[in-house]
Amino acid sequence: EKNIFGKSKKNAETNAKCLVISIYALIPKPDLPHMKEVSKYSKSFPKYYDRVKQILAGNNPKIPLTKESKNQLAQGFSNLSLINTILLNLEVYDLEMRKKIQGICCDILRLDLEEQENPVAKVLLECKELIPYLISNHDNKELTFISGKLLKAFIKSPRLVKEILDMEIVEQLSQIFVNSTFDVQSNTYDSLSTLLTHKSAATENLVLEFLNTNYPKVLEKLYFLINQENYFARREGLKLLFQILVDPKNLSILEKFTADE
């Protein structure tokens, strides 16, 4: 792919490819042949980051934000399949770089491709280690914020949320929430709340189906939070239970809850 960094005219897809390669080039790869050749692409990051951000914002003078350019951006991020390697190596980047990686990934996932499925979501699903990695990072002070932001973006993707709506993940997030410091707790609660409430019209039916199917187990986890000695855990557990019960879309959940009581 080295020729794409030349001076030839670049469309949205090529700019996105160059951006992903430049981010990937920052990962230490001592055993990789031609290491110097790969590493030099990292110097191009600022240029292609700015270009892609401009395209996404609709103010790039040469590439307007259209249906075609949106699809090209998504293709550029997905074709090389390097995005999974980048996200699995968040710890090698400094804080500012992590924020930029998280921001651009979330922006690409949010692209409205109309009737087309976002190909980035498909590529992310190919990496079975990615979601567990982001979940476990919630308990890491250095990575909790960025990993939480990424996970919440995944939850709002109809393709990705199917892999995250799982009682094992609810259990993991609940355990991290009650056994962590305040900053980790706050971020973990945000992820848990986003997963169990209707934050996106595109995923609300999936969330409701999950709540109905797993109602006893979900309620058990909520009471687990409510019964903690930690005030913050009790308060946020009650808050999450209230959010679920008062949502008009969750009438079937409310009926089950009142019948039990």
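"Partly exposed" here means a relative accessible area between the 20% that bounds buried and the 50% that bounds exposed. Keep that in mind as you click around, and remember that this is a predicted model.

**Stop 1: Arg235, Glu236 and Lys239**

Select Arg235 first. Its relative accessibility is 39%, so Arg235 counts as partly exposed. Now add Glu236: the two side chains meet in a salt bridge, with N and O 2.8 Å apart. Is Glu236 buried or exposed? Glu236 is buried, at a relative accessible area of 5%.

Keep Glu236 on screen and bring in Lys239. These two also form a salt bridge, and here the closest N and O atoms are 4.0 Å apart. Both residues sit in helix H15 (residues 231–246), three residues apart, which puts about one helical turn between them. An α-helix has 3.6 residues a turn, so residues three or four places apart point the same way. Lys239 has a relative accessibility of 40% and is therefore partly exposed.

**Stop 2: Lys53, Asp107 and Arg110**

Next, select Lys53 and Asp107. They make a salt bridge whose closest N and O atoms are 3.1 Å apart. Asp107 belongs to helix H6 (residues 95–109) and Lys53 to helix H3 (residues 45–57), so this pair ties together parts that are 54 residues apart in sequence. Check the surface at Lys53, too: with 31% relative accessibility, Lys53 is partly exposed.

Add Arg110 to the selection, and you have a network of salt bridges that links Lys53, Asp107 and Arg110. Over the whole structure, a search turns up eight salt bridges.

**Stop 3: helix H12**

Select residues 182–196, which make up helix H12. Try a distance between the end C-alpha atoms: they are 21 Å apart, in agreement with the 21 Å that 15 residues should span at 1.5 Å a residue.

How many of the residues of H12 are buried? The count is 11 of 15, so H12 is largely enclosed by the rest of the structure. Show some of them as sticks, including Val184, Asn187, Tyr189, Leu192 and Leu195. Some polar names turn up in that buried set as well, among them Gln185, Thr188 and Ser191.

Then colour the neighbours. The buried residues of H12 pack against H9 (144–155), H10 (158–164), H11 (167–178), H13 (204–213), H14 (215–226) and H15. That last helix is the one from your opening stop, with Lys239 and Glu236.

**Stop 4: the largest pocket**

Select Leu109, Arg110, Lys156, Ser157 and Pro158. Of the 22 residues that line the largest pocket, these lie nearest its centre. Arg110 should look familiar, being part of the network with Lys53 and Asp107. The pocket has a volume of about 500 Å³, and H6, H9 and H10 each supply at least two residues of its lining. Sort the lining by class and you get eight nonpolar, five polar and nine charged residues.

**Stop 5: the second largest pocket**

To finish, move to the second largest pocket, which holds about 380 Å³ of space. Select Lys9, Lys10, Asn15, Lys62 and Ile63, the closest to its centre among 22 lining residues. Helix H1 (12–24), H3 and helix H4 (67–79) are the elements that give two or more residues to this lining. Which element gives the largest share? It is H3, with four residues. By class, this lining has seven nonpolar, eight polar and seven charged residues.

Definitions and conventions
Residues numbered from 1 in each chain as written. Predicted model: local features only at pLDDT ≥ 70, side-chain atom pairs only at ≥ 80, totals over all residues. Heavy atoms only, no water. Buried < 20%, exposed > 50% of the residue type's maximum accessible area, 1.4 Å probe, protein only. Expected span 1.5 Å × (residues − 1). Contact = heavy atoms within 4.5 Å. 1 Å grid on protein atoms, 1.4 Å probe; cavity = no way out; pocket = protein on both sides within 12 Å on 5 of 7 lines; lining within 4 Å. Points joined across faces, edges and corners; volume = space filled by probe spheres on them.
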